[in-house]
Amino acid sequence: MTCVIVGRREPVLVGDDSDQTEAHAICIKPDVAHRVVIREGGAEIVYLDGVKLDENAPKFGELPEAWQDLPQAIQERDHMALAGYRQMLNRDDMPSDAGVMRIVERLYNDPFERLSQLDLAQELQLERTLALRHFKSTTGQTFRKFKIWAAMMCAVDAAFNGEKIGLAGIQAGFSDAAHLTRTAATLFGITPTQGLSGLSAFTSIEAHPHCAS
């Protein structure tokens, strides 16, 4: 997912073996391996699903000062402001397909439902391969990757709110705690226990009212 990191008091440093960027707000392209240095005061980490960056966008792009207000917009559930932030990054200004958004909402609400490619095709009334391509074109992620992401968000939410990590993973559709741990390591580079230990809040908000995000 497209990720934005905002330093609460100090700039954050994001980089890999060849490049690095230091700023108060940084956008990270999806599927880019990276390291983050978060200084005193901590940082807000925001994932913007469905935002498709320009192919020529940098791996780690410094964002204007206005992006430091993104966490407040999320806290206040300011949908208009959030839509504006998303549009500043999104290369595609086409409205989201309602059928795909219904699938996205189902994935977030109940990842254990294990929606299949056939379910996707039937919902979109498209041939299976065309449905998969359309889903990726709309969300910026493959159907498989989005299902994994939705399941992980469900597990993190449950674990953050007191559920045992292993049970939270199973309820979200992972086969066991080890499966959840491996997936978290792939997505975030850390285990669920490590991630939760540094997490002070977890918030999920729709991009627009009545539309999943």
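Two strands pair if DSSP finds at least two bridges between them. The model used in these exercises is predicted.

**Exercise 1.** Find the bridge partner of Ile26 in strand 7, and place the two strands in their sheet.

Solution.
- Step 1: Strand 4 covers residues 25–28 and pairs with strand 7 in the antiparallel sense, over three bridges.
- Step 2: Glu62 of strand 7 is the bridge partner of Ile26.
- Step 3: The open sheet has four strands in the order 6-1-4-7, with antiparallel pairing.
- Step 4: Strand 6 (43–48) and strand 7 (60–62) each have a single partner strand, so one side of each lacks a neighbour in the sheet.
- Step 5: On average, neighbouring strands of this sheet are turned by 20° against each other, direction ignored.

**Exercise 2.** Compare the expected span of helix 3 with the distance between its end C-alpha atoms, and say what caps its N-terminal end.

Solution.
- Step 1: Helix 3 (residues 98–109) has 12 residues; at 1.5 Å a residue it should span 16 Å.
- Step 2: The end C-alpha atoms of helix 3 are 16 Å apart, which agrees.
- Step 3: Asp97 is the cap, with a side-chain oxygen 2.9 Å from the backbone nitrogen of Gly99.

**Exercise 3.** Which residues have the most contacts inside the largest nonpolar core, and which helix gives the most to this core?

Solution.
- Step 1: The core has 26 residues, and Leu107 and Phe135 have the most contacts inside it.
- Step 2: Helix 6 gives the most to this core, namely nine residues.
- Step 3: Beyond its neighbours within four places in sequence, Phe135 is in contact with residues including Val100, Leu107, Leu120 and Phe146.
- Step 4: Another core, of 17 residues, lies apart from it; Val4 and Tyr85 are among them.

Key:
Residues are numbered from 1 along each chain as its sequence is written. This is a predicted model: local features need pLDDT of at least 70, side-chain atom pairs count only at pLDDT 80 or more; totals for chains, interfaces and linings use all residues. Side-chain values use heavy atoms; hydrogens and water are left out. Axes are lines fitted to C-alpha atoms, for helices over the stretch in contact, and angles run from 0 to 180 degrees between N-to-C directions. The expected span of a helix is 1.5 Å times one less than its number of residues. A polar contact is a pair of N or O atoms within 3.5 Å; within protein, one must be able to donate a hydrogen and the other to accept it, and residues adjacent in sequence count only if both atoms are side-chain atoms. A nonpolar core is a set of buried Ala, Val, Leu, Ile, Met, Phe, Trp, Tyr and Cys residues joined through side-chain atoms within 4.5 Å. Buried means under 20% relative accessible area, exposed over 50%, partly exposed in between (1.4 Å probe, protein chains only). Contact means heavy atoms within 4.5 Å.
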